[in-house]
Each structure stands twice: as structure tokens, then as C-alpha cells.
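Subject: Structure handover

Hello,

Here is the structure for you to look at. My notes on what was found in it follow below.

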Number of protein chains: 2
Amino acid sequence: MASSDSNNNAVTQQDIEFFVSTGAEVIHGDDQLDAKYNKDYFGKYTGASHLALFPKTTQQVSKILAHCNQRHIAVVTQGGNSGTAGGAIAQHNEVILNLRNMNTIRDLDVISGVVVAESGCVLAELDAYVRESGYIVPVDLGAKKKCMIGGNVSTNAGGLRYLRYGTLHGNVLGLEVVLADGRILDALFSLKKDASGYDVKQLFIGAEGTLGVVTAVSIALAPKPRSSQIAVLGVSDFNKIQRAFVAARQGLGEIVSAFEFWERRCNELVVQYENNPSPLEGPHEFYVMIETRGSVERHDVEKMDAYLAALDAEGLVEEARVFRGTDEMERTWLFRSQMAEAHAKSGCMHVYDFSLPSRHQHELLVAVKQHLKDAGLYGVANAPVRDVTIFGHIGDDNIHLQVVADEFGGEVEAAMEPWVYEWVGSHSGSVAAEHGLGMHKGMFLKYSKSPVVIGVMKSIKQMLDKNGIMNPGKHIDRAC
Amino acid sequence: MASSDSNNNAVTQQDIEFFVSTGAEVIHGDDQLDAKYNKDYFGKYTGASHLALFPKTTQQVSKILAHCNQRHIAVVTQGGNSGTAGGAIAQHNEVILNLRNMNTIRDLDVISGVVVAESGCVLAELDAYVRESGYIVPVDLGAKKKCMIGGNVSTNAGGLRYLRYGTLHGNVLGLEVVLADGRILDALFSLKKDASGYDVKQLFIGAEGTLGVVTAVSIALAPKPRSSQIAVLGVSDFNKIQRAFVAARQGLGEIVSAFEFWERRCNELVVQYENNPSPLEGPHEFYVMIETRGSVERHDVEKMDAYLAALDAEGLVEEARVFRGTDEMERTWLFRSQMAEAHAKSGCMHVYDFSLPSRHQHELLVAVKQHLKDAGLYGVANAPVRDVTIFGHIGDDNIHLQVVADEFGGEVEAAMEPWVYEWVGSHSGSVAAEHGLGMHKGMFLKYSKSPVVIGVMKSIKQMLDKNGIMNPGKHIDRAC
């Protein structure tokens, strides 16, 4: 079969026979793999794997990893394959371990509100299941119909409602993980408070499959809201968005559940490429979308009306519209969630996912545009960059930067990287907020993490994956 | 000076001279130490240290640890010394590293609501500081006037409002930690979303000073509530408490911020030993205390009234009283927070802190009483056990069990341990919910954690503290 990467062995016929003997589904025709498992969501990364395994049980995963570890065969774990950073794509000849066949919901405790689900459960399906018992899954994101809960955890997905429900580091109560050597770490606890020793499971949240394979997840659910509404605002400058946000935390208080923004060009791209009408008449320089979730509709409506009146009195909004019916709220969320895909349809989207203090967010957009202009790549005739945009989650300082160009890589990428990572690091930001480090971003980690922090990360990798078989050459392996 | 523990060296005069040269405050008279630093909050543990250091800066901590690591001198870190499990008390001749002199609030970002504070900041003082800017610290507990934020993080304190604000694993955004070898891990980030590599700081939350010294903390704050109220209910059996809780998550929805319970005997002890009047006429078998926090008082009052009416219609309560003024709410919280101290005044309190699925909580109380009766230690004339009680936080399945006896240790402790830990482990509980493992409980870890989990914990300890100088002989060192 194919050549190996420098440290690991290629798969032999005997290996394949062993994998078949575990009971896992096995696919090893390149055509089949290339169509579905060697391709990422946005078409940026192309994988080089020749073998995909689809285990059905934790025991099968354990047998496969024990074998791979002993034989020094590299493994890349894959869920819904909706990542944007290439973390689930085979860089060399790694064996793909796809968890789509492990999709059992093992338990739902309706008193405490805790669900235990296998990693292959699709997020939207898991959410629909727990809704029947009066709960919701606290993490929610645009790719929810494709992404799987194990991948959400492994990427440390943040999503749309951090502001209300917090992070997976808080909501994940337990994990079942198969370690690189095949041992099963049964840390699938369902207790909300646990101060008995180091919280080992935390290491695997955001590890992107570099330390082991997350096979099942225990999550603290949130109560299903009885009442919800959305307001979309047209705002003339970024500073007013920040003022509206501070006012929302006070005035809407405990019911605010999302506070999103996007700029004019993002709005235009969704209208154009997704054929979806704008939620406002507009146009406006910026759009803000605020969602509330509460338990008494009358109270929530009163709070929203008072909040919008206060914004109006302060001269913060140009146009405001409130959406209250289920259908129109869904259409509004659809508009917001199509933003990334609309960019991807308009050209080759270089997407960046940063955490950045809000005072620097608009400054970033201005700096990137100027930088690309100075390089002759934007704002002139026949320039390769078509659009530079930002949108994101104000409540958690997470911003997505898109540079849409004629092609991937090339002079645009060369102009952007590492320049933009250095800019973000020097403005107290993080080079990866919720999409992960994936295939390449490990090399930019040094701009937002110190050598001591990176050194401890490397020790953790060495401790849990001595032979370096788990997603090698990515994530922390690229850090220096 | 004193004899060393088996693995570490005793302190010499040269060592003391070095410690003085760092600029840290140094105390080495046994009388002074014994009065304040060799004694725990509830008088259960007596320390054996002969030297206490009070560094003023992170650099001083770094110099001290680098020296201790090189010389193999054991260190125990101490904050407000309000722990209940002996984790901050010197077992042998460890040097005490007390952080009370590191109490600077380094930063408060009023837009994003993030505070950066040194470990020696007293929790209540930090909370008072951020309240002036419209925020609160999300963790709150009975010992808030004594405990320090670094100790809260190192113990993974849960506290009274997990239900509303979640865990420190979610709320702590960053830590500054001096590692055992003196290196400074500057992971003091203030970003809410960060998926760039392993979340290294998580290891130190709940590590009880066994992996390094937490010197500063970055915490995501919650908005200060504009409206608050408390209801205290008298309830005739435990099952009704659970039903009232499920109803509260639905009916009080987003405003419920605490849901506490205690039993009749706890109420009597506070009345008797703290001279504090009961919040209800009573007596009742169980008392429930529900707090709400919201932004519009009128809405919150309406929700509470509707909730209490629904409980009444269901026949769930015997008596209910609502407290709405600041003074009477404070008095009610005082009553609740005096519970542990009232037990301690009534005799020698063996305190246990478990996480336990709510369906087993009352069963635990019944089982403990029966077990102690069977052993002839309770419920008979001249029995050494005076009281067996439970109280706790319903919202997060955290229960405190008290066995008040004539003396510490002895036949009562022998009857209780490891029996009670085994019982909790076999009922899907955790042997330590929010008080930590401390001096002894590591040996019971095996009842709630598997050998693989304990094995990974031991690897982490070995990775970060090769010489075993950080709080040796406690926590994970006792696990087998």
C-alpha cells in the first residue's frame, strides 16, 4: 500500500485481516474513501488515507488501537467530518477511524438532566431526542445536522450559545476514551460536582484525536426554553454593537441566549448565494442578532420591548425587527447559519477563527484589508482577494475572519500567514477559538501560548501517546 | 530541625537563609505556626510544619520552588486554610507556602466581565470589589470571608450556585501556576473560547497543590442580579423535595440560582448552637431553600408566587415563607451557612462530602444510621455517635453527611471508613464532591475511579512533579 509518514508503518494485508476480525466495518477502495472520507466540509483539505474503519463498539476501538499502537500504524479519528481546520483528514497514510456506527444514546436521566451518548450521535438528532424530555443539548452550531457529539467534544466546539450555557469544559461531565495503547479510560461519570483527583477527561476536550479516541460523552443538559424570540438590529458602527451588548447583559439579563453580529458584506453574500431574503430592509454596516430564551413569554416580551426602547433612546440602532413565531425564528437562524457556506460558494474561503478582546475586533478587519491592499492582493483591478469579512459571537469574543480568494493557498495565504496569527497573538487573542488547530495551525500556537505552556502540552502528548500514532503531524506536533 | 518524611529532606539553616533572601516573609517559631498555620478550620487536623513562607510575588514563589525542587524539600501550599479535608495542612515537615501576601487584583475588564486576581484574594473581598462594577464572582460558599480564590480553584470548590453559574472548570479562563521545578506556567488567559491545544490549566483545578502553586486566577464573572428572593419550604419527605426541584427548573426556569435542603436535626443544631431562629415555625422533616436571581423584580415575584401556588396545589409543602428584603435574605443565608459550624460545635464532626445521584441520597442517610446502630455506636445508651445528618445542594447532587461523635477517629471512624466510601462508589457516587481528597481520601479514590483513570492521574503527577515535593503523601499519592 502507500508509503508511510516518517515515523509510522504502512498497513499490510495482515493488518487489514486483523481489523476485519475485530468486527468493525472496513472500507479500502480509494474511490469510495476519496468521495466521502478524504474530503473536508469546505473542500480545502484532501486526505491521503487508503483505509477506513467503522467500529461499532468501544471494545472494537480498543482492539484496533492496541494493534495500531503495537504496529506503529497512524490513526486519524473522524466523526461527521464537518471540521474546518483539517483535523479529521488524513495527512499521510493514516487509517481513518470513523465513529458513525457508534451512535447509541446509552442513558438519559430526566431528573438530573444528564445524557450519555456515543460519539457518533449527530448533534441535531441528539438534541431532538432530549427535547422530548424537556431538555436541550447546551452546544449548538451551524453544522449540527452533520457534526457528531464526539467531534464537538474533541474540537472543543463553542458554538452559538456560550453566553448562556457556557463551555464544554463545564458541560461535559464525563468521557469514555480509548487511549492510544488500547486501554479504555472509563471516565463516563454523570456527576455534576466531582473533586476527587485530577479532572483527566478535560485533556481530551479539544485534543482533536491526538491523545485517544473519545467513544462516549456524558453531558449536563439545559432545560428546554418555554419561550424564545429573536431581534435583529441594523447598526452603523462597531462601537455601538459593544454598547448594545453591555446593555443586553443588564436589561435582558438572565434571558439573553445569543448575541451574534455580522457585517454588511456577509449579509449580501447570504442573500446572493443562499437565495435567502435579508432579515432587515437595510442595508446597514453591521447586523446584530439577539436571541432570548425564558420560561414566561409575557415577561420575555416585556423585557425585549424595554431593551429595544432603551437602545432607540440612546440612538444605537438604525432599524430593529423582532421575530417571535417558530418559523420566522428558524428562518432567521438559517440566515445566520448559512454565512460560512455562502462565503465558501462565492470563492475559495480562507477562514480564520480567533478569540480576540472585543476592543480589537474591528481593528483586525481594518488591519487585514490594509495589509492585503499593501500587498497588491485586494482592492485593485484583478486582485485575487474578492472579499474580506468578519462575523461572530460578541458574547464570547469569538470572531470569524474570511478572506475569499480565487484559489486556496498561493500568494494570499502567504501574505496572511503567519502575519495574521502574529497580529492576533500580539493583541491578546488566541489563534484558534472553536475550530481547533487541525492540520496546520499548531505552527502558529507560539503566537498565543508561551514556551512553558507548549512544553507541558508536548509532555502530555508524550505521556499518553508514546508511539505517536494518534493524528500525528498535526495539532501540538506542529508547535515549536 | 525535625525529621523528614521518607522521600524529602529537612530544611537547614542555609535553606532558611535562601528563603529570606528571596524577599518572602518567613516565620519559623513553632508557637506562631501552631496557632495559625498548623491547625485546620474544624480542628480535625494538626500540622507538623516548622517553617512558613509568605511570598509576595510570583517570582518569589518561583525561586522558592526551584530551590525546594533541587534540594528535595517538600512544600504544602496554603490559602485561607478553610479546607475540611486537611489538604493544606503539613503532614510531616513540609514547608508551608502561604499565599496571603499575594492579594492584588491585577485587572477587571468591565466590558467582557473578566477579573484577574492573585491567589491570596479573600473570596468575599474579591466579590465585593467586582460588585462595584456590576458583576459577581460565580463561586460562593460558606467560608467566603476566610477562603482565598487560589484555594477555591485548587480545591475545585463547587459551592452554593453551581445550578446557576456552573463549575470552576467552566468559569476559570486562565491560571498562572508556578510548577514544581520553579518554571512559571503563564496560562493567565482571559478569553472565553480557546481551542488552541490541550487546556493545560484544567489539571490544576482541583489538584490541591500537588502539581504546582496557583498564583493568579482569571475568572469569567456573572452579572450582578438586580432582583433576588428566597423561599424556605417545610417538606415532609425526601421524594417531595425532588419533585419540587423538577418543578423549579421548569416553573422558575432561568431565575433559579440555588436549591438547598437540610433535615430537621440540622435545623435544630443551628437554632441551638448558633442561637439563630428557625426560618419556619416548623418543625418539618426537611427544609428546602430556593433562591432566585433575576433582572426585573416584578417578573421574579410573579414567577415565585406561581411556583409556590403550584407546589401547594400538588400538596408538596407543609409551610412556605418568602424572604425579599436584603436583611432577611442575608439572615436566611446565614442560617444555611452556619450548618457545618453548628455541627462542629455540637461535638467532633466527621464530615463527608459526596456526589450521589439524588435517588440514593436519602437512602445513604438511612443506611449510615442502620450501619452505626448495628455496630452499637448509635441509637443506644452511651453511644459515641450523637447525630447523623445530611444537608446539601439538590441542584448538583452534592450531599454533605455529618457524623457527630464524642471524639475524632476511634471506633466511629473505623466503622465509617472505608465502608461509607464503598457504599457511595457502589451507588454511582463520587467520594469527594467539592471538599477535595485532602490528606486521607486518596485511599478511597478506588471506590469511584477505575485503575486506568487513577493510572493516568499518577502519570500526570509524575510528569509535573518528578521529585514529589508538592504536597507529598496526600491526594493521588495515597491512591492505589
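About 1,400 Å² is buried between domain 1 of chain A and domain 2 of chain A, with carbon and sulfur atoms giving 65% of that area. Please keep in mind that this is a predicted model. The assignment for chain A places domain 1 at 13–99 and domain 2 at 105–223, followed by domain 3 at 227–333 and domain 4 at 347–448. Between the C-alpha centres of domain 1 and domain 2 of chain A the distance is 22 Å, and their contact draws on 16 residues from domain 1 and 18 residues from domain 2. The number of salt bridges between these two domains is zero.

Next, the two chains. Chain A and chain B bury about 7,100 Å² between them, and carbon and sulfur atoms account for 58% of it. On the chain A side, K193(A), Y198(A) and R249(A) lose the most area to chain B, and together they make up 14% of what that side buries. The contact involves 94 residues from chain A and 94 residues from chain B. There are 10 salt bridges between chain A and chain B. K193(A) is paired in a salt bridge with E434(B), with 2.9 Å between the closest N and O atoms. In addition, K449(B) lies over the face of F189(A), 4.2 Å from the ring centre.

Salt bridges over all chains come to 55. One of them joins E314(A) and R243(A) at 3.3 Å, N to O. E314(A) is in the loop between α10 (297–313) and β15 (319–323) of chain A, while R243(A) is in helix α8 (residues 238–251) of that chain, so the salt bridge ties together parts that are 71 residues apart in sequence. E314(A) is exposed, at 53% relative accessible area, and R243(A) is partly exposed at 38%.

In chain B, E274(B) and K345(B) form a salt bridge with the closest N and O atoms 3.1 Å apart. Since E274(B) sits in the loop between α9 (264–273) and β14 of chain B and K345(B) in helix α12 (residues 339–346), this pair also ties together parts 71 residues apart in sequence. E274(B) counts as buried, with a relative accessibility of 15%, whereas K345(B) is partly exposed at 48%.

Two further items concern charged side chains in chain A. D465(A) and K461(A) form a salt bridge at 2.8 Å between the closest N and O atoms, and both residues are buried. A network of salt bridges links D140(A), K144(A), R161(A), E291(A) and R293(A).

Finally, the aromatic rings. The structure has 23 aromatic pairs over all chains. The ring centres of F238(B) and F261(B) are 5.4 Å apart and the planes meet at 75°, so this pair is edge-to-face. F238(B) belongs to helix α8 (residues 238–251) of chain B and F261(B) to strand β13 (residues 256–263), 23 residues apart. Both F238(B) and F261(B) are buried. F238(B) also forms an edge-to-face pair with F286(B), at 5.8 Å centre to centre and 65° between the planes. That second pair links helix α8 of chain B to strand β14 (residues 286–294), the two residues being 48 apart, and F286(B) is buried as well.

In chain A, ring pairs join Y352(A), F354(A), Y421(A) and F444(A) into a cluster. R100(A) lies over the face of F54(A), at 4.0 Å from the ring centre.

Regards

Note on methods. Residues are numbered from 1 along each chain as its sequence is written. Chains are lettered from A and ligands numbered from 1 in the order in which they are written. This is a predicted model: local features need pLDDT of at least 70, side-chain atom pairs count only at pLDDT 80 or more; totals for chains, interfaces and linings use all residues. Side-chain values use heavy atoms; hydrogens and water are left out. Rings of Phe, Tyr and Trp (its six-membered ring) pair if their centres lie within 6.5 Å; planes under 30 degrees apart count as stacked, over 60 as edge-to-face and the rest as tilted. Helices (H or I, at least four residues) and strands (E, at least two) are DSSP runs, numbered from the N terminus. Buried means under 20% relative accessible area, exposed over 50%, partly exposed in between (1.4 Å probe, protein chains only). A charge sits over a ring if NZ of Lys or CZ of Arg is within 6 Å of the ring centre and within 35 degrees of the ring normal. Domain bounds come from an automatic or database domain assignment. Contact means heavy atoms within 4.5 Å. Buried area is the accessible area (1.4 Å probe) that two parts lose on being put together, summed over both. A salt bridge is a side-chain nitrogen of Lys or Arg within 4 Å of a carboxyl oxygen of Asp or Glu.
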